[in-house]
Amino acid sequence: DGCGHTVLGPESGTLASINYPRTSPNSTVCEWEIRVKPGQRVQLKFGDFDIDDSDSCHSSYLRVHNGIGPNRTEIGKYCGFGFQMDGLITSKSNEVTVQFMSGIHTSGRGFLAAYSTTDKSDLITCLDNASHFSEPEFNKYCPAGCVIPFADISGTIPHGYRDSSSLCMAGVHAGVVSNTLGGQINVVISKGIPYYESSLANNVTSKVGPLSTSLFTFKTSGCYGTLGMESGVIPDSHITSSSILEWPNQTGQVNIWKPENARLKRIGPPWAAFISDEHQWLQIDLNKEKKITGIITTGSTLAEHYYYVSAYRILYSDDAQKWTVYREPGMGKDKIFQGNTELYQEVRNNFIPPIIARFFRINPLKWHQKIAMKVELLGCQFSIGRAPKITLPPPPQNKNDKKNADFMDDFIHSMKTSLQTDKTTFTPEIKNTTVTPSVTKDVALAAVLVPVLVMVFTTLILILVCAWHWRNRRKKTEGTYDLPYWDRAGWWKGMKQFFPTKSAEHEETPVRYSSSEISHLRPREVPTMLQTESAEYAQPLVGGIVGTLHQRSTFKPEEGKEASYADLDPYSSPIQEVYHAYAEPLPVTGPEYATPIIMDMSSHPSTPLGAPSISTFKAAGNQAPPLVGTCNKLLSRTDSASSAQALYDIPKGQLGPGSADQLVYQVPQSVAHPTVSKDE
């Protein structure tokens, strides 16, 4: 009469004294006999131990034995208030006996312990919570039987559970471990949230919880998606039932609560059975085999019709002919799932291990007023290969045919169950995804290579752009301006602001004019020709308009024109405004001195040196400028392309025999040898 909460599973379990965690009654006794598979051993771990030791463990104690029965041997005898037992108690065989004795005492909660096989080295008890562990992520083994009435949890999936919640009880609520089997959990700790919701799942009710500093969630295989009831992927024709409720409303209209109405969160009435008994069912055809890991149910969701199913069984089939009732491994009876407690709340139940089937059937066992429900199935595609086909020889023909047939059926069913259990127990170590590991590696490799390639190409493009920009800047600093071949005054006005006011001295470029072209030009035509041009500087009139526009002119523009570089030119005609009939702007790299004019004198007779010179300047009033104090210093230069001699005038500003303001530049006439003349 001293036994409390007890669940003894095939590989793990939980046991506690009577009334735990309250004070145990006087004079009670309880013994637990624990057996695991042969060849394995048992380990025992205490979550809480509080037994009166006032009489030195004489009347109140806990004793652990190796073996069962009269041949058992004692491992240890324990008592004490708040006794802390470090480590595990390990047996020498696959059988253990635990004996609890309670004498006369006034206090003491008793004990709670968990056991498992020795291959579960990370065993914890049902009382452990997340605050007991400092790691941000860890794996632990939960024993069977952790749905206990004296433990609380707050929260739900996917938001997480409060850190004060029991790890193993939350694992049962989340559907990652079974209460009758136990199992491994993978826990992740993260920052807490202000509010934790309440929900009912797997016969565990989580409570509303306040703010906490941290919370925990579970890593799973990711096979918890919806299978198509709510979304409509499953067509109406694949949802059938044993019967349909039809009834007229107050207006005389007939209401039909058809099976296709049994879609979770679908507005309107649910599916309801015409007769409320234990032979009714709702069937769903998934079109092909799926891995089904859970189910969510609600009641009618109509306030005026307070109908819901409170308990049900699950059946599944591959052909809709032969049906199998769902049972947990090692259990000899059908599993009864807790349904709804009211018509609105969504209640989830998980299948551990999952169901592999095409046809799925719900068989209500308990209900409120009428059988009515809406459902959604959870799971994923069944991508693992099917079990190998079992080929057996034909049974012998004798009087034991019926017994042999029954044996064969049992053998095939056990083989199929074993293979399905093996397929679903070892889940891939992938978080929230059903992608196979090989595909995941390829995706990870691509995720690394693509950004690297993008960075490499971006770097090359930037290098090319910078090199091009640097080359342009270097070219600009060297003062190389590439002028276009066309002659447009507007473009020249826009570009002249970039040119320096004075060009550096460079080798001068001679301009050649034919004497025949000079003789055909009359002085009166010069101003007219200059005024017809749109360019700011004077253009040469010989041989048409020159195709290349140079940087600056050595002659002053017409009156009324905008001041330009010609106004500052030191070689403009002094004192009087003159127009040169054969002017041409200097090149970009032109010299600072006036360009010599090389004239073809082959058609002209020789003229004596003292003869008056022909001026290329035109004075106002069509009168030739007076030659006052003329001093010409002629320099000769041999031209390889012509027999004529190039003669230079004295540059403006150079001191000569006369005053600077009296100097007038003269064009040399038919000079055979370089001479210097002085007019005194």
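Which residues make a nonpolar surface patch of about 750 Å²? To see the answer in this predicted model, select Val448, Leu449, Val452, Leu453, Val456, Phe457, Leu460 and Ile463, which together make that patch. Then extend the selection to helix H3, residues 437-477, where Val448 is found. Val448 counts as exposed because its relative accessible area is 52%, and the cut-off for that class is over 50%. As background for reading the spacing of such positions along a helix, an α-helix has 3.6 residues a turn, so residues three or four places apart point the same way.

**The whole chain**

Before going further, zoom out to the full chain, which holds six helices and 33 strands. Of its 680 residues, 42% count as buried, and the accessible surface comes to about 37,500 Å², with 56% of that area belonging to carbon and sulfur atoms. If you draw a contact map and keep pairs at least 6 apart in sequence, 75% of those contacts join residues at least 24 apart.

**The nonpolar cores**

Next, select Ile314, Phe351, Ile355, Phe360 and Ile362, the residues with the most contacts inside the largest nonpolar core, which has 27 residues. Colouring by strand is helpful here, since strand S22 (282-298), strand S23 (308-317), strand S26 (347-368) and strand S27 (372-381) each supply at least two residues of this core. Centre the view on Phe351 and show its surroundings: leaving aside residues up to four places away in sequence, Phe351 touches Ile292, Thr293, Gly294, Ile295, Ile314, Tyr326, Phe337 and Phe360. A second core, separate from this one and made of 24 residues, can be found by selecting Trp32, Leu44, Phe49 and Ile51, which are among its members. In soluble globular proteins, nonpolar side chains tend to be buried together.

**An enclosed strand**

Now move to strand S5, residues 61-66. Six of its six residues are buried, so S5 is largely enclosed by the rest of the structure. Turn the strand to look at each face separately: Tyr61, Arg63 and His65 lie on one side, Leu62, Val64 and Asn66 lie on the other, and both sides are covered.

What joins S5 to strand S8 (residues 95-102)? Six bridges do, with the two strands running antiparallel, and a convenient place to check the register is Arg63, which stands opposite Gln99 in S8. Strand S6, residues 73-78, is also antiparallel to S5 and is joined to it by five bridges, with Thr73 in S6 as the bridge partner of Asn66. Follow the backbone from S5 into S6 to see a hairpin with six residues between the strands, and stop in the turn at Gly67, whose phi is positive at about 90 degrees.

**Salt bridges**

A search of the whole structure finds 16 salt bridges, and three of them make useful stops. Begin with Asp50 and Arg109, whose closest N and O atoms are 3.8 Å apart. Asp50 lies in strand S4 (residues 42-50) and Arg109 in the loop between S8 and strand S9 (110-117), so this pair ties together parts that are 59 residues apart in sequence. Asp50 is buried, with a relative accessible area of 9%, whereas Arg109 is partly exposed at 31%.

Continue to Asp119 and Lys120, whose side chains meet in a salt bridge of 3.2 Å, N to O. Asp119 is exposed at 52% relative accessible area, while Lys120, at 13%, counts as buried. Add Glu11 to the selection, and the three residues Glu11, Asp119 and Lys120 appear as a network linked by salt bridges.

The third stop is the salt bridge between Asp334 and Arg313, where the closest N and O atoms are 3.1 Å apart. Here Asp334 sits in the loop between strand S24 (324-325) and strand S25 (337-338), Arg313 sits in strand S23, and the pair, 21 residues apart, links distant parts of the chain. Both residues count as partly exposed, Asp334 with a relative accessible area of 23% and Arg313 with 21%.

**An enclosed helix**

Finish at helix H1, residues 167-174. Is H1 largely enclosed or exposed? Eight of its eight residues are buried, so H1 is largely enclosed by the rest of the structure; the residues to select are Leu167, Cys168, Met169, Ala170, Gly171, Val172, His173 and Ala174. Step past the end of the helix to Gly175, which follows H1 and has a positive phi near 85 degrees.

Conventions. Residues are numbered from 1 along each chain as its sequence is written. This is a predicted model: local features need pLDDT of at least 70, side-chain atom pairs count only at pLDDT 80 or more; totals for chains, interfaces and linings use all residues. Side-chain values use heavy atoms; hydrogens and water are left out. Patches are made of residues with over 30% relative accessible area and no salt bridge: like charges are joined within 9 Å, nonpolar side chains (Val, Leu, Ile, Met, Phe, Trp, Tyr) within 5 Å. Accessible areas come from the Shrake-Rupley method with a 1.4 Å probe; for residues, only the protein chains shown count as cover. A salt bridge is a side-chain nitrogen of Lys or Arg within 4 Å of a carboxyl oxygen of Asp or Glu. Helices (H or I, at least four residues) and strands (E, at least two) are DSSP runs, numbered from the N terminus. Buried means under 20% relative accessible area, exposed over 50%, partly exposed in between (1.4 Å probe, protein chains only). A nonpolar core is a set of buried Ala, Val, Leu, Ile, Met, Phe, Trp, Tyr and Cys residues joined through side-chain atoms within 4.5 Å. Contact means heavy atoms within 4.5 Å. Two strands pair if DSSP finds at least two bridges between them.
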